[in-house]
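Trainee: I am new to this structure and would like to go through it step by step. May we begin once it is on display?

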Amino acid sequence: MELDKMDENDWKYHGEGNKSLVVSHSRTDLVYLPSGVTVYVFVFQTVEQAFRQIQNIVDFSSNVMSSLLGEKFVHSGEVVKLPLEFVRQLSIKVQHQRPAWRCDKVMDIYSGCALCLPNLTYPVLYQPTHTPPLCVEIKPKCGFLPSSKHVSKDIKTKVCRFCMHQLCKLLLTKPLHCSVLRNRQRMHFAIRQLIEEPQNNFKIFKGGQCIYSSKEGSDDSLDLNSLLHHLRPYFLHGNNRINSHMSSKAVLNDFIQVRETRGEGRSFCEASLFNKERTRHGSQGLPSDSVLFRILQTQMLDTQDIEGLYPLYRRVGQHLHDFPKERTHLQIDGLYDEAFLEKLQKCPAEDDGSVEYAAAKVHQYRIAMTAKDCSIMVALVPSNEEEDDDEGHKLSNVVPPAFSSLVSILDLDPKPFDSIPCQLRLDQKIVSFYLRNGSALPKGALQPLPAIFSAPEREDCTLLFHPV
Ligand SMILES: O=P(O)(O)O[C@@H]1[C@@H](OP(=O)(O)O)[C@H](OP(=O)(O)O)[C@H](O)[C@H](OP(=O)(O)O)[C@H]1OP(=O)(O)O
Ligand SMILES: Nc1ncnc2c1ncn2[C@@H]1O[C@H](COP(=O)(O)OP(=O)(O)OP(=O)(O)O)[C@@H](O)[C@H]1O
């Protein structure tokens with residue numbers, strides 16, 4: 001990327017999260033572009049601080065998360081310093097495309113520091129002459145229930161945080177709030193909808209463009225029919241098992257097949273509508289080299305639960321209060337170098353009362369938090385149509401794979417040390433809210449899904465990707 005020749009007209013709004021806004025180069029067909037996406041962190045600070053903060057994200061991703069999740073899935077990127085005029089013009093250009101509910105955050109137009117990443121929706125193996133690649137993005141969230149002895153509320157060992165949090169979000173923050181609460185039937189319907197839609201943060205891209213977003217609700221997020229219109233052509237050629245009369249559900253089902261699996265020896269969420277189905281069909285272990293296995297293993301570094309972790313956080317906090325300079329030695333805000341991970345791996349299994357033990361446990365928890373909040377991108381590149389038509393295939397009756405896939409993990413930034421008290425408060429709020437309002441769940445929430453949602457179309461919220 002030639003930084004001195006950056007022109008905002010070449011870049012377009014791509015998406016955003018809680019902390020960053022992402023733009024992509026408008027000519028995504030230029031697969032030789034060294035970078036497709038730039039991320040801006042929304043924090044006003046000095047240039048040095050901004051640079052350090054983004055460098056921390058790169059280091060954490062490349063030295064910590066990449067080792068735990070697998071190098072092949074992680075693209076850490078690099079920090080770049082952009083011309084300020086380019087950033088200012090860009091912020092004006094993208095403002096109207098941003099979802100209104102994110103606009104309380106403003107883009108950092110003063111530091112010029114940004115994270116430069118490859119555009120993972122548009123893999124380099126794609127040949128521009130072919131059908132544009134599809135890409136699915138999901139946020140798997142936490143895949144296990146806590147079994148720590150520190151857990152004080154039994155409900156946490158039965159219902160996962162995601163399901164409890166969904167109820168909380170629905171009843172506290174959605175605009176339908178009042179009427180939903182007033183009308184029991186409507187509330188049941190809304191809650192069922194939420195539970196039946198486990199993939200919050202679900203996006204689909206075609207040729208690098210977002211064509212469906214379950215969350216953003218912006219103009220770019222087209223409705224399901226429009227999505228089907230985009231997807232149908234991908235399943236209509238070069239493959240005998242699919243015909244032009246496919247139902248909409250079958251198109252979607254063929255596009256992404258979702259299966260429930262459960263970690264060995266771990267209990268699972270009772271609020272999941274899929275449990276009975278899963279029990280009926282038996283569970284299937286995650287392959288140990290799969291992206292989901294790696295993510296689940298990393299999430300399980302949270303061995304104590306926030307309730308067990310908080311006293312350790314307090315121990316570190318007290319130590320830092322007495323010896324502020326120790327912050328650097330304990331690597332509270334980085335550096336996230338290789339030694340950081342080694343230290344954590346050498347952490348004793350039992351608490352020896354030391355601040356080092358407490359700090360290591362806090363860091364492990366922070367890593368687990370990152371793994372609970374990451375997203376998975378699965379880019380699907382249609383195979384060459386000419387190869388599909390090859391006479392040899394016809395004779396041997398072997399259908400070549402319709403897509404090659406590239407799986408990546410994104411959003412691997414470190415969660416701040418100081419966010420731990422907020423995590424505890426949030427956990428308490430979610431649990432007590434669920435205990436007070438969980439009875440509002442429709443009885444059917446714990447029952448198998450109605451036929452329209454039942455297996456094999458929808459089996460559960462833990463995922464396995466199958467070659468299509
Ligand atoms: O707390 P959660 O589970 O709602 O997760 C938050 C995410 O919400 P969602 O995935 O939509 O439920 C939230 O995502 P959104 O902004 O809702 O898209 C952030 O990822 C947030 O992380 P951070 O505080 O920005 O580092 C996430 O917060 P933490 O991972 O720091 O808890
Ligand atoms: N390298 C990439 N290639 C393609 N799209 C990307 C890339 N990085 C981010 N995106 C898109 O931008 C969105 C926001 O990015 P990201 O999740 O990293 O932001 P965030 O502010 O850290 O999010 P969160 O709210 O989860 O903390 C993603 O959901 C994804 O759709």
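**The shell around ligand 2**

Trainee: How do the residues of the shell around ligand 2 divide into nonpolar, polar and charged?

Mentor: This is a predicted model. In the shell around ligand 2, seven residues are charged and six are polar. The remaining group is nonpolar, and the residues in that group number eight.

Trainee: Where does ligand 2 lie with respect to domain 1 and domain 2?

Mentor: Domain 1 covers residues 1-119, and domain 2 covers residues 135-468. Both domains give residues to the shell, so ligand 2 lies between them.

Trainee: Which strands each supply at least two residues of that shell?

Mentor: The shell counts 21 residues, with His14, Asn18, Lys19, Glu137 and Asp411 the closest. The strands that each supply at least two residues are strand 1 (11-16), strand 2 (20-25) and strand 7 (203-206).

Trainee: How much of the accessible area of ligand 2 does the protein cover?

Mentor: A polar backbone atom of Lys19 is 2.7 Å from an oxygen atom of ligand 2. A polar side-chain atom of Lys203 lies 3.1 Å from an oxygen atom of the ligand. On its own, ligand 2 has 620 Å² of accessible area, of which the protein covers 92%.

Trainee: Which strands stand at the edges of the open sheet of five strands?

Mentor: The sheet has the order 8-7-6-9-10, with antiparallel pairing. Two strands have a single partner strand each, so one side of each is left without a neighbour in the sheet. These are strand 8 (209-213) and strand 10 (403-410).

Notes. Residues are numbered from 1 along each chain as its sequence is written. Chains are lettered from A and ligands numbered from 1 in the order in which they are written. This is a predicted model: local features need pLDDT of at least 70, side-chain atom pairs count only at pLDDT 80 or more; totals for chains, interfaces and linings use all residues. Side-chain values use heavy atoms; hydrogens and water are left out. A residue is near a molecule or strand if one of its heavy atoms lies within 4 Å of it. A polar contact is a pair of N or O atoms within 3.5 Å; within protein, one must be able to donate a hydrogen and the other to accept it, and residues adjacent in sequence count only if both atoms are side-chain atoms. Accessible areas come from the Shrake-Rupley method with a 1.4 Å probe; for residues, only the protein chains shown count as cover. Helices (H or I, at least four residues) and strands (E, at least two) are DSSP runs, numbered from the N terminus. Ala, Val, Leu, Ile, Met, Phe, Trp, Tyr, Cys and Pro count as nonpolar, Asp, Glu, Lys and Arg as charged, and the others, Gly among them, as polar. Domain bounds come from an automatic or database domain assignment. Two strands pair if DSSP finds at least two bridges between them.
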